[in-house]
Structures are given as structure tokens and as C-alpha cells.
Amino acid sequence: MISASDIPQSNNRVTKTTPLRHALALLQVGEAIEVAYDDFDAEAGYRPTTITQVASTMTAKSETVRFSVKRKADMTGCYLVATAKPEPGTTKPRGRKPASAAA
């Protein structure tokens, strides 16, 4: 019997979003790429929800870059824009304000 720690990890799984993830990883702050929706480019396009999910995942993995999705006006695709993440503690917390102690 072998233990799970003896099994080598492999991260070589190639998926349809691998090229998109690699393209996002190469972006510097202030740069953007154009991505087609799959309705308009069946070979290289992605569903809007897939694009958003990849951008969110890549943002969470990056310490310095946030990826924003901006839809194109003609609805054939979108732009993925790399912007700088704010320093920790410099932004206001989102959500509801805490109830006041006087209430």
C-alpha cells in the first residue's frame, strides 16, 4: 500500500480555457485582451459565464492584478482588462453597515 503523499502531483490538465488563463497571466496592469463569445466564434469563443468565472479565479489567485470584464457594444464578445488591486485595508468593506449600538 502507498500513501497519498507518495503520488506525484500533476497540473498538466489542458482544458478549453487554458489559452484564456495563459493570456490573462501575461497581462500587465493597464493592458487588455479581446475575447469572442462562442455564439460568434465557435472555435475560439467562450460563453460569457465562463469568461467571468476565469477572470474571477485569476483575480483571486493574483496578489496585485484584478481582471474586469467589459462587454463589447456589438455583443459579440468582451474585453478583459487588467487593473491594479487596491492595497489591503484601503477600501471600504462592502455589504451592510453594522447596526448602531444606540439602536
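## Strand partners in the sheet

Which residue of β3 does K70 stand opposite? The answer is Y79. A word on the model before going further: it is predicted, so local features need pLDDT of at least 70 and side-chain atom pairs count only at pLDDT 80 or more, while totals for chains, interfaces and linings use all residues. Residues are numbered from 1 along each chain as its sequence is written, and side-chain values use heavy atoms, with hydrogens and water left out.

Strands here are DSSP runs of E with at least two residues, helices are runs of H or I with at least four, and both are numbered from the N terminus. Two strands pair if DSSP finds at least two bridges between them. On that footing, three strands make an open sheet, ordered β1-β3-β2, with antiparallel pairing. The edges are β1 (32-36) and β2, each of which pairs on one side only. From one strand to the next, the twist averages 25 degrees; axes are lines fitted to C-alpha atoms (for helices, over the stretch in contact), and angles run from 0 to 180 degrees between N-to-C directions.

## Bridges and the hairpin

Strand β2 (residues 65-71) and strand β3 (residues 77-84) run antiparallel and are joined by seven bridges. Besides the K70 and Y79 match, V69 stands opposite L80, and V65 has A84 as its bridge partner in β3. On the β1 side, five bridges make the link to β3, again antiparallel, and A36 faces G77 of β3.

The hairpin of β2 and β3 has five residues between its strands. M75 belongs to that loop, and its phi is near 65 degrees, a positive value in a residue other than glycine. As for accessibility, M75 is partly exposed at 43% relative accessibility; the classes are buried for under 20% relative accessible area, exposed for over 50% and partly exposed in between, using a 1.4 Å probe and protein chains only.

## Helices across the sheet

Two helices lie across β1, β2 and β3. Helix α1 (residues 18-26) runs at about 165 degrees to β1, and helix α2 (residues 48-61) runs at about 165 degrees to β2.

A25 is part of α1 and counts as exposed, with 52% relative accessibility. Its C-alpha lies 9.7 Å from that of A82, although 57 residues separate A25 and A82 in sequence.

## A salt bridge and a charge over a ring

How many salt bridges turn up? The count is one, taking a salt bridge as a side-chain nitrogen of Lys or Arg within 4 Å of a carboxyl oxygen of Asp or Glu. The partners are K72 and E34, with their closest N and O atoms 2.5 Å apart. This pair ties together distant parts of the chain, 38 residues apart: K72 sits in the loop between β2 and β3, and E34 in strand β1. The two ends fall into separate accessibility classes: K72 is buried, with a relative accessible area of 13%, whereas E34 is exposed at 52%.

K16 has its charged end over the ring of Y46, 5.7 Å from the ring centre. The rule for that asks for NZ of Lys or CZ of Arg within 6 Å of the ring centre and within 35 degrees of the ring normal. Aromatic pairs are another matter: searching the whole structure gives zero. To pair, rings of Phe, Tyr and Trp (its six-membered ring) need centres within 6.5 Å; planes under 30 degrees apart are stacked, over 60 edge-to-face, and the rest tilted.

## Around T83

T83 is a β3 residue, and it is partly exposed, with a relative accessible area of 28%. Where are its contacts, leaving aside neighbours within four places in sequence? T83 touches V29, T64, V65, R66 and S68, contact meaning heavy atoms within 4.5 Å. D38 is a different story: the C-alpha atoms of T83 and D38 are separated by 25 Å, with their positions 45 residues apart along the chain.
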